[in-house]
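Please look over the structure below before reading the points. Keep it open as you go, and find each residue as it comes up.

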Amino acid sequence: MTLQTEQEKKSRPEKEHLCHFDIAGFTYYDGPEAFEKLKIGTTLQLKIDPDNKFDARAVAIYFNEFKLGFIPRNENRIIFKLLKVKFTGLETRIQRIDPCAHPENQVGVIVHLKSTI
């Protein structure tokens, strides 16, 4: 086992698990259209959806131009607040893909907090 120097530790960005979930509404948006293009580790974008009439804190999930769905309502509170204050240290990636699962459970997502220092 090698010991890392302080400089090596500082050069690597720190990240911390925030949450993980299945994409809500995957079958109602562009999920099925984009499914074949998705891979584990793919980076996703999060955007507040201020006009969502079902959830005042709705956060949409995008893969390029494809709207895949939303962060589930029971998981979106903190992420909504971070995006609202323009926090840029979120890393969102596909964690799991299961084509045999129920369509609403086919794609698992993980969100990490990344150091912005």
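1. **A loop residue to begin with.** Start in the loop between α3 and β5, where K86 lies. The model is predicted, so treat each point as a reading of a prediction. K86 comes just after α3. Its phi is positive, about 65 degrees, although K86 is not a glycine. Is K86 buried or exposed? K86 is exposed, with a relative accessible area of 68%. The cut-off for exposed is over 50%.

2. **A second positive phi.** Now find N64, in the loop between β3 and β4. N64 is not a glycine either, yet its phi is positive, at about 50 degrees.

3. **The overall plan.** Step back to the whole chain. It has three helices and six strands. From the N terminus on, the order is α-β-α-β-β-β-α-β-β. Try tracing that order on screen, one element at a time.

4. **Inside and outside.** The chain has 117 residues, and 39% of them are buried. The exposed area of the chain is about 7,900 Å². Carbon and sulfur atoms supply 53% of that area.

5. **Contacts along the chain.** Take the contacts between residues at least 6 apart in sequence. Of these, 61% join residues at least 24 apart. Keep this in mind for the residue pairs further down.

6. **Helix α3, buried side.** Helix α3 covers residues 77-84. Which residues of α3 are buried? They are I79, F80, L82 and L83. Look down the axis of α3: these buried residues fall within an arc of 165 degrees, so they line one face of the helix. There is a general reason for such patterns. An α-helix has 3.6 residues a turn, so residues three or four places apart point the same way.

7. **Helix α3, the other side.** Turn the helix around. The face of α3 away from the buried side carries the exposed residues I78 and K84. What covers the buried residues of α3? The cover includes β1, β2, β3, β5 and β6, the last of these spanning residues 107-114.

8. **The open sheet.** Three strands form an open sheet, in the order β2-β3-β4. Their pairing is antiparallel. Which strands are at the edges? The edge strands are β2 and β4, and each pairs on one side only. From one strand to the next, the twist averages 35 degrees.

9. **Inside that sheet.** How many bridges join β2 to β3? There are four, and the two strands run antiparallel. One pair to find is L46 with its bridge partner I61 in β3. Helix α3 lies across β2 and β3. The helix runs at about 80 degrees to β2.

10. **Salt bridges, and a pair between strands.** The count of salt bridges comes to four. Side chains of opposite charge can pair when their charged atoms come close. Take D22 and R96: their side chains meet in a salt bridge, at 2.1 Å from N to O. D22 is in strand β1 (residues 15-22) and R96 is in strand β5 (residues 90-97), so the pair ties together parts 74 residues apart in sequence. R96 is partly exposed, at 31% relative accessibility.

11. **A buried pair.** K67 and D49 also form a salt bridge through their side chains, at 3.5 Å from N to O. Where do the two residues lie? K67 is in strand β4 (residues 66-70), while D49 is in the loop between β2 (45-48) and β3 (59-63). The two are 18 residues apart, and the pair links distant parts of the chain. Both K67 and D49 are buried.

12. **A small network.** R93 forms a salt bridge with E91, with the closest N and O atoms 3.6 Å apart. Salt bridges that share partners join K15, E91 and R93 into one network. Compare the cover of two members. R93 is partly exposed, with a relative accessible area of 30%. E91 has 13% and is buried, because the cut-off for buried is under 20%.

Terms used: Residues numbered from 1 in each chain as written. Predicted model: local features only at pLDDT ≥ 70, side-chain atom pairs only at ≥ 80, totals over all residues. Heavy atoms only, no water. Buried < 20%, exposed > 50% of the residue type's maximum accessible area, 1.4 Å probe, protein only. Contact = heavy atoms within 4.5 Å. Areas by Shrake-Rupley, 256 points an atom, 1.4 Å probe, with all protein chains shown as cover. Arc of directions from axis to C-beta. Pairing = 2+ DSSP bridges. Axes fitted to C-alpha atoms, helices over the stretch in contact; angles between N-to-C directions.
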